[in-house]
Amino acid sequence: MHAWVDAYLDHLRVERALSPRTLEAYARDLAKLCALCEASGISSPGELDTTVVSTYLVELGRQGLGARSATRHLSAVRGFSKFLLRERAISADPAALVERPRTSRKLPKVLSVEEIGRILEAPDGRSFRGLRDRAMLHVMYAAGLRVSEVVGLKIADVDRKQGVVFAFGKGSKRRIVPLGEPALDALDAYLAVRKDHPRAAMTPALFLSPRGKPLTRQGVWKLLGAYARGVGVTKPSSPHKLRHSFATHLLEGGADLRSVQALLGHADITTTEIYTHLTDDHVRTVYRRSHPRS
């Protein structure tokens, strides 16, 4: 088995030009498979089958490896199996029917409604920068925008009459998201001073730097973090944290999942479903507070 693993590693190095570090990872993973084969009395590739590969994954779990690490090991075995098939060392793929270990998705952490309110009111409304930042933060949270969508907004993307913003998400897909009155009021206050900016007519970008250039994603990250720290929000804050909070607060307020999916611009509803797990505690709290027999 070791000789076949060495041949496979040579194939990866020569034909696929993998980096030395990647080759080392493959070598470590497949060495564990070889060790299991030796312990089981398996000396040739022809003796590999689905049971051996499944046992290999179970043994990895016993050694304390998590699902993500086990998935990486399975990927190495699958590549090795395809190589053995190509070299006609085996007649069937022993890893073909083995399912990937299920990895748990990390739930996004969110800010409370009260924490969001403090951040939104943090900018100084007496300066161009403060009015801009207040409007930007309000729009980000009110519409659940990605940071790339925020910095890409143009003046024409806001329809004050209809109270909506046109966001261009991944794949340049456009979606229409309504804005609440607080966000629209903050935008009105900002636009009133933006028109007096000496470079206002030279760029269509909605949110301008003092020099008249569009804001950058890194700049928005820094601004948000500074405002959060300034009002005593100790949780890590980021533009995507506002987006997560937007979705969670909508669901807690009674919005249906399909509507939240449309507002976020998710192509697949399973991406949106992760937010439903965040509302379990909220539902239990409401039940305890409202149900007479709780």
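**Group meeting: a walk through the model**

Okay, let's start with one residue: Tyr8 has a relative accessibility of 2%, so it counts as buried. Before I go on, keep in mind that this is a predicted model.

So who does Tyr8 pair with? Searching the whole structure turns up five aromatic pairs. In one of them, the ring centres of Tyr8 and Tyr26 are 6.3 Å apart and the planes sit at 80°, so we call that pair edge-to-face. Tyr8 belongs to helix H1, residues 2-14, and Tyr26 to helix H2, so this pair ties together parts that are 18 residues apart in sequence. Both Tyr8 and Tyr26 are buried.

Tyr8 also pairs with Phe80, and this one is tilted, with 5.6 Å centre to centre and 50° between the planes. Here the link goes from helix H1, where Tyr8 lies, to helix H4, where Phe80 lies, so the parts tied together are 72 residues apart in sequence. Phe80 comes out at 0% relative accessibility, so Phe80 is buried as well. Put the ring pairs together and you get a cluster of Tyr8, Tyr26, Phe80 and Phe83.

Now, what does the record say about this part of the chain? UniProt, in an unreviewed entry, lists residues 1-85 as "domain: Core-binding (CB)". In the model that span is 76% helix and 0% strand, and the C-alpha atoms at its two ends lie 14 Å apart.

Let me zoom in on one helix in there, H3, which covers residues 50-62. How far should its 13 residues span? At 1.5 Å a residue we expect 18 Å, and the end C-alpha atoms are 19 Å apart, which agrees.

Which residues of H3 are buried? They are Val52, Val53, Tyr56, Leu57 and Leu60. If you look down the axis of H3, those buried residues fall within an arc of 140°, so they line one face of the helix. And what do they pack against? Two helices, H2 (20-39) and H4 (67-86). On the face of H3 turned away from the buried side, you'll find Thr51 and Arg62, both exposed.

Thr55 is an in-between case. Thr55 sits in helix H3 too, but at 37% relative accessibility it counts as partly exposed. If you want a ruler across this region, the C-alpha atoms of Thr55 and Ala27 are separated by 19 Å, and these two residues are 28 apart along the chain.

Have a look at the two ends of H3 as well. At the start, a side-chain oxygen of Asp49 comes to within 3.2 Å of the backbone nitrogen of Thr51. Just after the helix, Gly64 adopts a positive phi of about 95°.

Back to H2 for a moment, because there's a charged residue I'd like you to see there. Asp29 is in helix H2. Is Asp29 buried or exposed? Its relative accessible area is 2%, with the cut-off for buried at under 20%, so Asp29 is buried. What does its side chain meet? There is a polar contact at 2.9 Å with the side chain of Arg72. Leaving out residues up to four places away in sequence, Asp29 touches Tyr56, Arg72, His73 and Ala76. Tyr56, remember, is one of the buried residues of H3.

Last stop, the annotated active site. The unreviewed UniProt entry lists Arg146, Lys170, His240, Arg243, His266 and Tyr275. I'll take three of these, starting with Lys170, which lies in the loop between strand E2 (164-168) and strand E3 (174-178). Lys170 is exposed, with 64% relative accessible area.

Tyr275 is in a loop too, between helix H12 (269-273) and helix H13 (280-290), but Tyr275 is buried, with a relative accessible area of 3%.

Then His266, in the loop between helix H11 (257-264) and H12. His266 has a relative accessibility of 14%, so it counts as buried. What is His266 in contact with, once we set aside its neighbours within four places in sequence? The answer is Arg146, Arg243, Gln261, Thr271, Thr272 and Tyr275. Notice that Arg146, Arg243 and Tyr275 are on the UniProt active-site list as well.

That's my tour, thanks everyone.

How values were computed. Residues are numbered from 1 along each chain as its sequence is written. This is a predicted model: local features need pLDDT of at least 70, side-chain atom pairs count only at pLDDT 80 or more; totals for chains, interfaces and linings use all residues. Side-chain values use heavy atoms; hydrogens and water are left out. UniProt positions are given in the numbering used here, feature names are shortened, and annotations may be inferred rather than shown by experiment. Helices (H or I, at least four residues) and strands (E, at least two) are DSSP runs, numbered from the N terminus. The expected span of a helix is 1.5 Å times one less than its number of residues. Buried means under 20% relative accessible area, exposed over 50%, partly exposed in between (1.4 Å probe, protein chains only). The arc is that of the directions from the helix axis to the C-beta atoms. Contact means heavy atoms within 4.5 Å. A polar contact is a pair of N or O atoms within 3.5 Å; within protein, one must be able to donate a hydrogen and the other to accept it, and residues adjacent in sequence count only if both atoms are side-chain atoms. Rings of Phe, Tyr and Trp (its six-membered ring) pair if their centres lie within 6.5 Å; planes under 30 degrees apart count as stacked, over 60 as edge-to-face and the rest as tilted.
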